[in-house]
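Please report on the confidence, one sheet and one surface patch of this protein model.

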Amino acid sequence: MKKLLSYLFLLVSTLVLAQVGSVTINVFDDFSKKPIAATIKIQNIEQTYTGNGSVSVTDLMSGNYNFEISSEGYDVGFLNDINVVPNQNLTFSIGLNKSAKQIQEVTISKKLYKTTAESPVSLRNITAEEVQKNAGSNRDVSKAILSFPGVGSTATFRNDLFIRGGSSAENKFYIDGIEIPVINHFQTQGASGGPRGIITVDFIKDVDFYSGAFPARRNGVLSSLFEFNLKQARKDKIGYKAIIGLDDLQLMADGPLSKDQSWSGLFSVRKSNLQLLFKGLGLPFLPSYYDANFKVSKKYKSGDELYFIGLGAIDDFKFNTDAEKTLYNLTLIDRLPKNSQWNYTFGAGYRHLVENGNWLFTLSRNMLDNKAIKYYRNIETPANLLADYDSKEAENKIRIDRNLSFGEYQLSAGANINFAKYYNRSIVKQVNQGAIDFDNYLSEINFMQYGLYLQSAKKYFDDLLQVSLGARIDASNYSDRTNNPLEQFSPRISLRLKLNDAFALNMNSGIYYQLPPYTSLGFQVNDVLVNKNTLKYIRNSQIVGGIEFNGKDNLRITAEAYYKRYSNYPFSLRNQISLANLGGDFGVVGAEPVDSRGKGKTYGLEFLVQKRTINNFYGIAAYTFGYSKFSDVNNVFSPSSWDSRHILTLTAGKYFKRNWNLSARFRMQSGLPETPYDLNRSALVDIWNVANGPVQDYTLLNTLRGNTAHQLDIRTEKKWIFKKWQLTAYMDVVNVYGSKNPSALPVVNLQRDANDNGIIANLSDPQNQQYYLLDIGTADRNIPLPYFGFIFEF
């Protein structure tokens, strides 16, 4: 017995002693990207580590750490919530900003929360660990962003984000400087939402989320900008990670690809189980997907870097004919098309360090193939065909960015060019406000877009005042209304005034432009691009101001006010509404005749209280009060589809002993505006047989309000740490108590006979006067969505 106890004690001791990992932190000047000498300190631990450009922190017990990075003459930086895994060497990079205010050559300012000279307001930074532990996010960045102010959403299972009252078509996404037009599975073409993200969160170091104050280097941003910064691969050896979840299966690998460790790579593949989950829950639609991500990089001794990035997805959408035949489920099956998509983005970047800054050259190609087919009542006969949609978008992009410094001035300049091709071969029959329209066209167009920018920044009065000025111009050879770059001149200014070490006043104002969606640019009637002579760049003027407080124990409090003014917004000529009201559901936005008469304005107040992990606790409280209004056919401003007056989000979590983590998020959003149904018109046989459901009366656009949307999400996870690997079990439950459907519109379908055919009330009347008897009910409650699984790390 004693021998057995001794053996067990020795085994446990060996396991405990082996449960260590290490972290390598590369530190550089954030502007020039050149390596600098630095000192690393772990919060709540006195020991420090030093190095020149690269600092090794060894023999760390498995767990979560916050690192404080300092260098003489620079603001202090932080890496937060770094999860150290046993038997692994993790590599991270951080850029530090030069400081003008020093006492005895020691920098005194600390910057736990990120801001930049061009974006002192409206910039939030979220780490990969914060995404993964965010309740209700299920490891998806788009859902984790919901914890921040100014962010509204639609259905609980989709990633449609409307930021500060703008539509989801106004968001842009970049990975390491390369634009990624499609980041969601089943993405709404002409917008940006979808039910599930494509980007592998395990490869992300952090995400910079801009809800305003957009830097001049990025074009086409009106509402939000997401800058995904990928982590560096392991240097010691190739590591592996596997996720077996209820919703998907994923395999990942990262590590060195050459003996000298100058080449490294990140690789991921994922297969959906979502169709099995949705079928088990009795949902009427079954989405499934595959996706893959990779990054391969080469680090030269000079500090230069060459990298290649790729991601892509294949999506398929089917109906669940075994779902319970509730009125709500039957209505969804009748209306939704069968949809399939595939997309990819491939890109390469080369960063070259020079004496006073650096160059960044990027080249990329992306493509989206979107197909949808719909038959009346899903009876697949030629006579019942309502839509056969086939569209492709392809882009080839080149960007050149140059950062340089002249004395105390920091300058950035660059150019971009985009060669685009749009193809659409479609047959679509649809009910619009005034008529039933039948579109049968083949469109194939090629055109070019280009832009130039310049941005500068300087600090004054010993770092108390920071000023940034920037401008860019954009143009396209699509038409005479888009080819003059001076008509898309985009100036911007940012100011940051430090009142003391804790308080700062921030302000930004700018004008931003975005080209309308390809679906509108390429729409044809009788072989004519009917929108070519009417569409212009969408224009948005913004001003944002706020106050920021950075206190003890990782506490940050901000208050911001914003005002946005739109003009030249695409306006539907068939339905007489602004396209700013669309984009929150499956389908296509903009494939119709439009012009640029639309106007809009959004304004509001935002409050944020955030506490990054300290003493094993973290939390975010965010509140937004805002208005979103766009012009109608009479040029009168009325509430848009995203006019959610109040958005409140409370997010909190805690690490417990024995590697337990529990987090929760409560979110409440006041009802979104809704357009009522015209039930008399909907019941007409000729109308229903095309619409497959009730049609809205756009003369009463957004005159109703939906239900107040609220939900509670919870996440719990437990880690088991072994000698050379780590196991994590997690459960993420979205909408725990099954809240009421956010839509207050009735659910409408046909009363049916014994053969499941609609009942016509007046068969003796002429065909164009016949109407169905309607069955009217209420929407089902949103059901809880449970996600659970296991994560294996080696």
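The report below covers confidence, then a sheet, then a surface patch.

## Basis and confidence

This is a predicted model: local features need pLDDT of at least 70, side-chain atom pairs count only at pLDDT 80 or more, and totals for chains, interfaces and linings use all residues. Residues are numbered from 1 along each chain as its sequence is written, and side-chain values use heavy atoms, without hydrogens and water.

The chain averages a pLDDT (the predictor's confidence in each residue, from 0 to 100) of 89. At least 70 is reached by 96% of the residues. Residues 1–17 fall below 50. That stretch has 2 contacts (heavy atoms within 4.5 Å) beyond near neighbours in sequence. Residues 102–109 are also below 50, with 17 such contacts. Where pLDDT is low, the predicted coordinates should not be read in detail.

## An open sheet

Five strands (DSSP runs of E, at least two residues, numbered from the N terminus) form an open sheet. Their order is S10-S17-S18-S13-S14, with mixed pairing (at least two DSSP bridges between two strands). Strands S10 (123–127) and S14 (178–179) are the edges, each pairing on one side only.

S13 (residues 171–175) pairs with S14 in the antiparallel sense over 2 bridges. Ile-175 has Ile-178 in S14 as its bridge partner.

## A nonpolar patch

Phe-461, Leu-464, Leu-497, Leu-499, Phe-503, Leu-505 and Ile-547 make a nonpolar surface patch of about 600 Å². Patch residues have over 30% relative accessible area and no salt bridge (side-chain nitrogen of Lys or Arg within 4 Å of a carboxyl oxygen of Asp or Glu); nonpolar side chains are joined within 5 Å, like charges within 9 Å. Areas come from the Shrake-Rupley method with a 1.4 Å probe.

Leu-464 lies in the loop between strands S28 (436–460) and S29 (465–476). Leu-464 counts as partly exposed because its relative accessibility is 34%, between buried (under 20%) and exposed (over 50%).

Technical notes. Helices (H or I, at least four residues) and strands (E, at least two) are DSSP runs, numbered from the N terminus. Buried means under 20% relative accessible area, exposed over 50%, partly exposed in between (1.4 Å probe, protein chains only).
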